Amino acid sequence: MGGANSREGLDLDSSGSDYEDDASQGDSDQYEDAPETETNANASAAATSSGTKSKTVVTPLDEVDRKLKALKLKYPTGNPNLKNAVKLYLHIGGNTPSAKWILSEKVTAYRFARTSGDGEEEADEDEEEESGKDAVWVFKVGRKVRAMVSTDLQLKMFGDQRRVDFVAGGVWALKFFSDEDYRGFVTRYQDCLFENVYGLKATEENKLKVYGKEFIGWVKPEVADDSMWEDADGSWGKSPEARTPVRASQDLLEEFEEAAGGGGIQSLALGALDNSFLVNDSGVQVVKNFSHGIHGKGVHVKFNDGVGYSGSGLGQSMSTPKKALLMRGETNMLLMSPIKEGQPQSTGIHQLDIETGKVVTQWKFEKDGTDITMTDITNDSKESQLDPSGSTFLGLDSNRLCQWDMRERKGIVQSLASAGSPVLHWTQGHQFSRGTNFQCFATAGDGSIVVGSLDGKIRLYSNTSMRMAKTAFPGLGSPITHVDVTYDGKWVLGTTDTYLVLICTLFTDKDGKTKTGFSGRMGNKIPAPRLLKLTPVDAHMAGGNNKFHGGQFSWVTEQGKQERHLVATVGKFSVVWNFQQVKNSAHECYINQQGLKSCYCYKIVPKDESIIDSRFMNDRFAIRDSPEAPLVVATPMKISSFSISNKKK
């Protein structure tokens with residue numbers, strides 16, 4: 001299935017995304033503007049597939065220039081009379097052997113302009129003060145490129161080559177004639193992006209207003225304190241649990257792929273013990289956990305067996321569950337369905353006894369005698385699903401964060417035969433007045449809670465209070481759709497539509513002690529985050545309507561062990577990053593970058609249909625010759641397992 005190769009031919013541990021790798025990718029369907037007579041150059045397929053590196057790299061764009069100059073064509077190295085002069089290149093050929101860059105315009109010009117909401121009236125960037133308050137910045141290159149300035153452009157910078165790549169109907173590259181021209185473009189682009197996101201001019205005053213003085217490193221990454229990242233790199237490498245060294249020769253090998261019984265998989269509930277579970281349109285399918293992945297069709301619990309799943313005491317006909325949560329030593333499962341299809345809110349949950357295959361209780365969300373809704377539920381901590389006596393779990397709504405208890409206070413066991421559904425007991429939590437816009441949450445090993453919001457903020461709550469966040473990280477302009485946190489609470493991963501944001505929560509308090517942002521306020525030396533992105537070519541291949549979802553760490557449930565990889569899903573791709581590499585401040589991706597550091601080194605697992613979820617199994621399933629437990633990838637009709645192996649050269 002191609003699980004061993006990403007679109008850039010990179011290993012999990014490869015240390016850079018050289019531009020010749022990009023030249024083997026793209027989409028050949030949208031390039032009618034490209035002149036057929038221009039000289040072009042193919043990327044070296046052999047260099048891409050081998051993963052070997054040379055100290056001197058000749059990129060395809062440089063090769064195009066060399067051949068053009070050899071033909072003694074008369075085009076200038078710059079045009080002093082043309083403002084913002086650039087060369088424009090286009091990538092064609094997809095991921096086929098004929099993929100290549102072609103020179104689209106020898107010399108053209110770019111500009112940033114303001115446009116009104118209807119897109120008809122434009123003002124040059126020099127006339128920005130006269131534009132209306134609803135105007136937005138657009139980016140134009142000659143007559144071939146016009147796009148709104150946003151993260152959808154997937155802009156990637158190559159400071160050493162004076163070049164940027166981006167997506168706008170196709171994959172384009174701009175090459176600048178001087179370092180000054182390049183730096184000027186990047187600064188202007190980032191200012192326009194800030195203004196489009198926040199509706200404020202990109203002044204130092206407004207940036208501090210948006211981020212706060214404690215997060216000066218987020219505004220100016222070049223002055224950020226990266227010592228915590230570096231310290232974390234060192235401690236990771238010295239961890240006694242890192243028995244198998246991470247090598248550049250690691251690869252993803254597909255172990256199992258089989259059709260899912262019943263089809264229509266909606267969610268994946270991985271177990272840390274003997275079984276995992278696939279929730280589909282008709283019920284829950286039980287599969288077996290092995291050291292090389294999950295497979296084997298077990299019991300299929302249908303929702304209409306015994307006590308029906310529809311027509312519940314919750315006063316509604318329940319649709320297919322969108323959330324499945326394992327509890328009580330993985331013998332019970334909580335199933336939560338939305339009130340209406342396409343909406344996240346739910347008025348209650350169903351408790352499924354996995355051993356009997358019956359829905360034993362239907363619970364209702366209620367507070368102070370009033371029915372309320374929840375949009376998400378999760379376990380109290382990373383390993384609490386393994387507690388055979390566990391009876392509590394966490395709930396989240398747009399302005400609520402709370403803990404629910406399934407134990408009836410009067411000790412009466414409720415059943416479905418009761419006249420009404422039993423009510424969950426609100427044990428602790430807080431109902432915020434307004435403005436929180438909570439979207440998603442996750443828990444660390446000690447029960448600390450991280451919450452992501454629609455405005456992009458990420459809040460950290462201790463395991464002792466849900467009323468006030470200990471630390472609130474500012475948003476970068478994109479809503480957080482999913483969050484995860486490492487077992488030790490030192491790292492938080494937020495998912496947005498176009499990138500992942502990795503945050504280090506470590507800080508040194510006034511007494512010189514190292515703590516996490518879950519246990520105290522982080523002060524004014526907060527490390528800048530790092531972004532995990534797709535290259536423009538891979539972003540284009542993933543499709544314009546495909547968005548990142550479900551970004552998370554590999555699964556550790558033991559103190560002292562460190563997660564090794566991160567995985568997220570976009571369209572038909574599962575994308576895997578090496579955690580140690582992302583944390584390494586000396587990583588090649590971070591050289592010559594302006595702004596927040598962005599990592600483009602990853603491995604792609606492509607599938608034939610859109611992926612529902614991608615997760616690593618629990619660390620206990622990692623075998624001796626693999627540094628990581630298997631990766632499980634679920635599509636609506638199939639379930640696949642991949643192992644990470646160390647290939648011997």
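# Notebook: strands, rings and charges

**Entry 1, strand E17.** I started in the middle of the chain, where strand E16 (residues 332-336) and E17 run antiparallel and are joined by four bridges. The model I'm looking at is predicted. I picked out one facing pair here: Met-333 is opposite Leu-352 in E17.

Next I checked the other neighbour. E17 also pairs with strand E18 (residues 358-364), antiparallel again, over six bridges. Here I noted that His-350 has Gln-362 in E18 as its bridge partner. I followed the chain round from E17 to E18 and found a hairpin with four residues between the two strands. Gly-357 sits in that turn, and its phi is positive, about 75°.

How many of the residues of E17 are buried? I counted six of six for this strand, residues 348-353. I then sorted them by direction: Gly-348, His-350 and Leu-352 point one way, while Ile-349, Gln-351 and Asp-353 point the other way. Both sets are buried. A reminder to myself: strands of a sheet pair through backbone hydrogen bonds, either parallel or antiparallel.

**Entry 2, a sheet further along.** I moved on to an open sheet of four strands, ordered E35-E36-E37-E39, with antiparallel pairing. Which strands are at the edges? They are strand E35 (548-553) and E39, each of which pairs on one side only. From one strand to the next, the twist averages 20°.

I looked at the E37 and E39 pairing on its own and found four bridges, in the antiparallel sense. Ser-574 has Val-605 in E39 as its bridge partner.

**Entry 3, ring pairs.** I looked up aromatic pairs and got 23 of them in the structure. Why is the pair of Phe-176 and Tyr-182 edge-to-face? The ring centres are 5.9 Å apart and the planes sit at 70°, so the pair falls in that class, since planes over 60 degrees apart count as edge-to-face. Phe-176 and Tyr-182 are both buried.

I tried a second pair, Trp-577 and Tyr-602. Their ring centres are 5.6 Å apart with planes at 65°, so this one is edge-to-face as well. The pair links distant parts of the chain, 25 residues apart. Trp-577 belongs to strand E37 (residues 573-578), whereas Tyr-602 is in the loop between strand E38 (598-599) and strand E39 (603-606).

Are these two rings' residues buried or exposed? Trp-577 is buried, at a relative accessible area of 0%. Tyr-602 has 1% relative accessibility and counts as buried too; the cut-off is under 20%.

Back to Phe-176 and Tyr-182: I found them both in a cluster linked by ring pairs. The other members are Tyr-110, Phe-112, Phe-139, Phe-166, Phe-185 and Tyr-189.

**Entry 4, charges over rings.** I wanted to know what lies over the face of Phe-158. It is Arg-163, at 4.0 Å from the ring centre. I also noted Arg-188, whose charged end sits over the ring of Trp-137, 4.7 Å from its centre.

**Entry 5, the whole chain.** I finished with the totals. I have nine helices and 42 strands written down for the chain. It has 649 residues, and 56% of them count as buried. The accessible surface comes to about 27,700 Å², and 46% of that belongs to carbon and sulfur atoms. Last, I looked at contacts between residues at least 6 apart in sequence: 61% of these join residues at least 24 apart.

Methods
Residues are numbered from 1 along each chain as its sequence is written. This is a predicted model: local features need pLDDT of at least 70, side-chain atom pairs count only at pLDDT 80 or more; totals for chains, interfaces and linings use all residues. Side-chain values use heavy atoms; hydrogens and water are left out. Rings of Phe, Tyr and Trp (its six-membered ring) pair if their centres lie within 6.5 Å; planes under 30 degrees apart count as stacked, over 60 as edge-to-face and the rest as tilted. Buried means under 20% relative accessible area, exposed over 50%, partly exposed in between (1.4 Å probe, protein chains only). A charge sits over a ring if NZ of Lys or CZ of Arg is within 6 Å of the ring centre and within 35 degrees of the ring normal. Two strands pair if DSSP finds at least two bridges between them. Axes are lines fitted to C-alpha atoms, for helices over the stretch in contact, and angles run from 0 to 180 degrees between N-to-C directions. Contact means heavy atoms within 4.5 Å. Accessible areas come from the Shrake-Rupley method with a 1.4 Å probe; for residues, only the protein chains shown count as cover.
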